[in-house]
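Please take the structure below as the subject of a short briefing on aromatic rings, one helix, the largest pocket and two single residues. Keep the sequence and the model side by side as you read.

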Amino acid sequence: MSKHVTHWIGGKPFAGEAERRGDIYEPASGRLAGTVDFAAQPEVDAAVAAAKAAFPGWRDASLSKRASILFRFRELVNEHRDEIARLILSEHGKVVSDAAGEVARGLDVVEFACGIPHLLKGGFSENVSTRIDAYSILQPLGVAAGITPFNFPAMVPMWMFPVAIACGNTFVLKPSEKDPSASVRLAELWAEAGLPDGVFNVVHGDKAAVDGLLHHPDVKAVSFVGSTPIARYIYSTAAANGKRVQALGGAKNHMLVLPDADLDLAADAAVSAGFGSAGERCMAISVVVAVDPVGDELMAKIEERVAKLKVGPGDDLASEMGPLVTRAHRDKVASYLDSGVAQGATLAVDGRAPDVLGGAGEGFWLGPTVLDHVTPEMDAYKDEIFGPVLSVVRSGSYEDAMELISANPYGNGTAIFTNDGGAARRFQNEVEVGMVGVNVPIPVPMAYYSFGGWKDSLFGDSHAHGMEGVHFYTRTKAVTSRWLDPSHGGVNLGFPTSG
């Protein structure tokens with residue numbers, strides 16, 4: 001055990017001693033790989049104080065300076081993307097292609113934030129009254145905090161802090177304690193890019209660190225991604241303390257397959273979206289709704305593809321799916337196989353004893369699993385399993401399937417597979433879900449659109465990144481002005497710049 005991860009406060013690693021620490025595991029082997037310091041209130045206070053002290057200078061930095069630092073950060077992350085992916089691989093367990101893809105999607109948001117001079121343009125109206133002008137400007141809030149999950153230790157934080165920092169805020173990140181190293185490496189790259197000390201800080205820990213941020217009077221906004229029960233807690237607690245909150249919760253994403261769909265395409269999509277990242281993502285397809293009479297044929301195609309998947313450690317380039325993040329989580333996910341069968345489902349594919357490349361050892365392995373003939377009353381349907389378990393529901397009609405999807409308390413993502421344009425348009429118009437794919441199984445929007453669901457998948461009014469992200473991290477100020485005419489500015493022969 002050699003790794004030790006600590007906080008990043010005020011532009012450097014934390015030098016103090018932690019009262020508590022957590023364990024970092026290597027999911028593929030089950031090996032204890034290191035420890036991470038857990039923040040108590042003094043460490044949280046120090047991080048927020050550093051962010052607060054850095055805010056006036058960063059708020060007043062020109063847009064061109066902010067953009068130049070963001071561009072440099074983007075280049076550094078791109079240069080070190082393989083290194084960051086390896087950190088994710090070692091602590092989370094996902095395969096190298098998945099980890100690299102995560103970094104790439106996070107970079108999309110950084111690139112979006114590089115356009116901040118354009119994104120922060122306000123409005124202007126001349127002569128709203130005689131010789132009086134009116135205009136609006138967008139200004140930063142102050143110290144913002146981000147609380148992020150284990151499943152995307154680089155991408156989800158990069159949904160938040162590039163936009164927040166570009167808008168002129170300072171930031172305190174509380175990443176998952178299960179895979180903390182990527183966040184500290186990103187902090188180091190921010191420093192190398194020239195970001196002033198204190199603008200970006202990282203505190204590690206558990207509920208004590210989270211509550212320290214939620215109750216801190218100097219934290220003005222809180223962003224969160226995680227399970228719905230915690231999202232609800234984050235929203236209610238932070239809002240009660242006067243903070244602006246965006247809390248993205250859990251999901252139960254349905255993929256509707258109509259009888260006219262290309263079933264090979266649908267089966268490919270169901271397997272890819274169901275078992276990528278070992279199902280540990282909020283946009284995973286966890287329920288396939290097959291409309292009669294295609295259920296049996298679609299199931300056969302899904303089983304055929306699942307049988308060919310290669311499960312193994314992330315650093316084996318032949319691996320397509322890695323382990324789950326912890327032993328406890330693996331055991332919890334596996335319990336839905338027993339409950340599903342006990343409640344009447346058919347266990348079409350049992351992943352509890354996968355053939356792991358190189359041998360399973362003591363790793364946290366659960367192979368791809370398929371439950372067929374699942375009904376809405378079953379726990380496997382009702383709960384967010386967050387693992388490689390694909391449930392197949394049979395439906396008698398499009399109308400029944402629509403009612404099922406829209407009645408679900410979650411509303412994060414959904415997809416329809418069909419060759420009927422009218423059916424697809426009706427679906428995207430009627431379904432009560434925030435992100436919709438048409439023959440696209442994982443409809444994660446590009447960075448210049450915003451990410452987020454409806455119903456129990458979102459608490460607060462703002463989605464992540466895109467223009468909703470810009471608006472979340474800024475507040476509008478309206479100005480009405482009148483100036484004497486003429487005005488005299490004096491002579492200046494220097495070349496005008498934006499610095």
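In this predicted model, F73, F161, F171, W190 and F200 come together as one aromatic cluster. A search of the whole structure finds 14 aromatic pairs, and two of them are described below, followed by a helix, a pocket and two residues looked at one by one.

**Aromatic pairs**

- A pair of aromatic rings is described by two things, namely the distance of the centres and the angle of the planes.
- F150 and F386 form an edge-to-face pair, with 5.8 Å from centre to centre and 85° between the planes; the planes count as edge-to-face because the cut-off for that class is over 60 degrees.
- F150 sits in the loop between β8 (143-147) and α6 (155-166), while F386 sits in the loop between α13 (379-382) and β17 (389-395), so this pair ties together parts that are 236 residues apart in sequence.
- Since buried means under 20% relative accessible area, F150 counts as buried at 13% relative accessibility, and F386 counts as buried at 16%.
- Within the cluster named above, the rings of W190 and F200 have centres 6.4 Å apart and planes at 45°, so this pair is tilted.
- W190 belongs to helix α7 (residues 181-193) and F200 to strand β10 (residues 200-202), so the pair ties together parts that are ten residues apart in sequence, and both W190 and F200 are buried.

**Helix α15**

- Which residues of helix α15 (residues 421-430) are buried? They are A423, A424 and F427, and, seen down the axis of α15, the buried residues fall within an arc of 100°, so they line one face of the helix.
- An α-helix has 3.6 residues a turn, so residues three or four places apart point the same way.
- The exposed residues G421, R425 and N429 are carried on the face of α15 that is turned away from its buried side.
- The buried residues of α15 are covered by parts that include β13 (253-257), α14 (398-407), β19 (413-417) and β20 (435-438).
- At the N-terminal end of α15, D420 acts as a cap, with a side-chain oxygen 2.9 Å from the backbone nitrogen of G422.

**The largest pocket**

- The largest pocket holds about 910 Å³ of space, and its lining is made up of 34 residues, of which F150, K178, G226, S227 and I230 lie nearest its centre.
- The elements that give two or more residues to this lining are α8 (207-215), β11 (219-225), α9 (228-240) and α12 (327-342), and α9 gives the most, with five residues.

**Two single residues**

- G226, one of the residues nearest the centre of the largest pocket, has its place in the loop between β11 and α9.
- Leaving aside neighbours within four places in sequence, G226 is in contact with L248, G249 and G250, whereas the C-alpha atoms of G226 and D338, which are 112 residues apart along the chain, are separated by 26 Å.
- Is H254 buried or exposed? H254, which lies in strand β13, counts as buried, at 1% relative accessibility.
- Again leaving aside neighbours within four places in sequence, H254 is in contact with I285, V287, V289, Y381, L404, I405, N408, G413, T414 and A415.

Key. Residues are numbered from 1 along each chain as its sequence is written. This is a predicted model: local features need pLDDT of at least 70, side-chain atom pairs count only at pLDDT 80 or more; totals for chains, interfaces and linings use all residues. Side-chain values use heavy atoms; hydrogens and water are left out. Rings of Phe, Tyr and Trp (its six-membered ring) pair if their centres lie within 6.5 Å; planes under 30 degrees apart count as stacked, over 60 as edge-to-face and the rest as tilted. Helices (H or I, at least four residues) and strands (E, at least two) are DSSP runs, numbered from the N terminus. Buried means under 20% relative accessible area, exposed over 50%, partly exposed in between (1.4 Å probe, protein chains only). The arc is that of the directions from the helix axis to the C-beta atoms. Contact means heavy atoms within 4.5 Å. A polar contact is a pair of N or O atoms within 3.5 Å; within protein, one must be able to donate a hydrogen and the other to accept it, and residues adjacent in sequence count only if both atoms are side-chain atoms. On a 1 Å grid over the protein atoms alone, a cavity is a set of points where a 1.4 Å probe fits but cannot get out, and a pocket is an open set with protein on both sides within 12 Å along at least five of seven lines; lining residues have an atom within 4 Å of a point. Grid points are joined across faces, edges and corners, and a volume is the space filled by probe spheres set on the points.
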